[in-house]
Amino acid sequence: MSESSEVLFIEGGRVIDPASGVDGVRTVVLRGGQVAEVAERVERPRDARVIDARGRWVTPGFIDAHVHLREPGQEYKETVETGARAAVAGGFTAVLAMPNTVPPNDSVAVTELVLARAAQAGLARVYPVGCISKGQKGEELAEMGELFQAGCVAFSDDGRPVSSSGLMRRALEYARTFGAPLAVHEEDLALVGKGVMNEGPAATRLGLKGNPAQAEEVMVSRDVALVELTGGRLHVCHLSTAGAVRAVRDAKARGLAVTAEVAPHHLALTDEDVAASGYDTDFKMAPPLRSDADRAAVRAALADGTIDCIATDHAPHSAVEKAVEFDVALNGILGLETAFSVCLALVREGALGERRLVEALTAAPARIFGLPGGSLAAGSPADVAILDPGAEWRCDPERLHSKSRNTPWKGKTMIGRCTHTLVGGNLVYELARGER
Amino acid sequence: MIGRHRHLLGLEGLSREEILQVLDLATSMKEVLARPLKKVPSLRGKLVVNLFFEASTRTRSSFEIASKVLSADAVNWTASASSVTKGETLVDTARNLEAMRPDVLVIRHAAGGAPQLVSEHVACAVVSAGDGAHEHPSQGLLDCFTLREKLGTLEGKTVAIVGDVSHSRVARSDLHAMPKLGAKVRLCGPPTMIPQGIERLGGCTVHHDLREAVEGADAVVMLRIQHERIGDPLIPGTREYSKLWGLNARKAAEWLTPGCVILHPGPINRGVELSPEVADGPRSVILDQVQNGVAVRMAILYLLAGGSPAEVSAAGARS
């Protein structure tokens, strides 16, 4: 990524930077692709470029630990470029690209392709995630060493839980060589069975097969035990249940290297929303939308830090894969462009503090995956999001930057929107004036 | 229209009055079926398409006969002879059929919600003839019709529904309708066949002991044990199932009240959920259900294809 040599002043905004403990009106000075200074009063040269951020939040660029960019192989759903465009439109300056592409990212060739496409796009920073097992088949370890050297920052068989406890044990052990976490999709497939939504009264009413919350809890509990055995690092993807929260909380209390993320949709919606939607497949994802009690548990866990970060699980699918029977529709929904406003609603409801929200989108994922960014301290990359927390907008799927349209928030009025995104000091996204 | 509804996708959203509207009209329709000349011109020129993605003889024939008695044209379109195997989506199939200008599309599908998906993409009325484990509204209505006919009313009555409730769309439709008409429902089966949170649908209690469920009941609905579920594994086998949850002559004589009637949505697995003596015995109203099914479906088609209840006495039953 080319770093801007220009000097840029972001003035008048409320800087919220949990990493350096700043929360207040400040001027942010960017120079040479880095944060030069954050201060209350800064002399500005006459010719400096200025972004007026009055009335807005200025935060480190968001980092999304869980994004499906679909390239290579499924470019009809998304490409690295369109995904990166959606990212910066949502305030994300860095994303982790999950490896379940076609072919999956279990080789240096795929890792390099993703990195090359990201460099061509020149939008968000893209960090590839490599496979845990060859072909994500859950049988043999992928060549994690080569993948790590090529630029992968974590390993995952996301979408396909690692069913074999034996393989999971070896993966946790082997990945210790590189200090990289295993980002795991936790579902016991035998318990999931043919379940297509959360098991409970809503599924019963709809006559859809249930996927019990315990399918997640069982796997998280197993992997916590394996972390204890191996000393490895475990990052629980899209945690959705109260039982898994208990398992992670217990693991952290015991000092184990376990972290967790939660997706905005699990914070915002429940299985009752599936019922209310009338079988709308834009409410179908894995893990599924859970019960009200589960939602309350993940909200509380995010607020108290048991869940470290927010990650969108941005999962674009075409209409061909969604305009079908609920039973056969593919799992997953878009996340990048709605994450901020969806999570900001939790702040308005009093379920989450503003600073904790920003931390969960910035400093926390940077820390877990050892990434630059997530901070506006001097010397940090000049990755910045400017957000209007009061902006009202209508979520029109046709106007999203993603190639796909699968969002449960279609047609809904959203509050809170990214207005500017800078990566390496370059303005890579600016909301059109007419939309502000 | 049935009350406010342009489609019949389930009984969950129907009010007591809307259910009674169909049942009352079905009473008039049943008179038509009793005549030597079973034909009225009420839906002449209307087209009903039966779109069946799952095997069915009873329900499909019932809708077909109902259409014909009302003088509508009926076309059957089954999945095995369809383009589904060529990879056409459900929505495409429905749009193609819609282009042939039917007035009512009757759909059976293995996926819950499939009729609703179709209803969002076509202009004609859509009737669910059973979708996955969701609902089978015409069956629920004919069960209510039969109970009202046999018991006089559902008000204050107790109905036991026994069997694989978790996979049963009939049980769900019964459960959405019967309490609205004043009945109490007892659901019974092994815990593996009772879905989580079903009691929260309201109007029902859950039992695992057959005797407890049927003693004092005014009616018992015995659900079909589908052989394909046995490997699921919800039960060890049919032998033990029939011992614990099947109804035979001895249990019926000892546990059922004298007036208690026995229903079954069919087809029966003789010797599994019902012994032959009970299925064919004096309490059984199973064949009445089949006959009433035609009358109820006539009422449904009449209302959704553009008739109004006021017209039926003139155009239908008494013309």
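**Entry 1: R108(B)**

I began with the contacts of R108(B) in this predicted model. Leaving aside neighbours within four places in sequence, I listed what R108(B) is in contact with. One stretch of the list reads L51(B), F52(B), F53(B), E54(B), A55(B) and S56(B). The list also holds T59(B), A129(B), G130(B), H136(B) and R169(B). I then looked up where R108(B) sits, and found it in strand β3 of chain B, residues 104-109. Is R108(B) buried or exposed? Its relative accessible area is 7%, so R108(B) is buried.

**Entry 2: the UniProt record**

I checked the record next. An unreviewed UniProt entry places a "binding site" feature at R58(B), T59(B), R108(B), H136(B), Q139(B), G266(B) and P267(B). From this set, R58(B), T59(B), Q139(B) and G266(B) belong to the lining of the largest cavity. Two of the set, T59(B) and H136(B), were already in my contact list for R108(B).

**Entry 3: G266(B)**

I moved on to G266(B). This residue lies in the loop between β9 (261-263) and α10 (276-279) of chain B. Its relative accessibility is 19%, and buried means under 20%. Therefore G266(B) counts as buried. Not counting residues up to four places away in sequence, G266(B) touches R58(B) and R224(B).

**Entry 4: helix α1 of chain A**

Last, I turned to chain A. Helix α1(A) spans residues 80-89, and 8 of its 10 residues are buried. Among them are V80(A), T82(A), G83(A) and A84(A). What do the buried residues of α1(A) pack against? I found β7 (92-97), α2 (108-121), β8 (125-130), β17 (413-423) and β18 (426-430) of chain A. Just after the helix, G91(A) takes a positive phi of about 90°.

Notes. Residues numbered from 1 in each chain as written. Chains lettered and ligands numbered in written order. Predicted model: local features only at pLDDT ≥ 70, side-chain atom pairs only at ≥ 80, totals over all residues. Heavy atoms only, no water. Buried < 20%, exposed > 50% of the residue type's maximum accessible area, 1.4 Å probe, protein only. Helix = DSSP H or I, 4+ residues; strand = E, 2+ residues; numbered from the N terminus. Contact = heavy atoms within 4.5 Å. UniProt positions renumbered as here; feature names shortened; annotations may be inferred. 1 Å grid on protein atoms, 1.4 Å probe; cavity = no way out; pocket = protein on both sides within 12 Å on 5 of 7 lines; lining within 4 Å.
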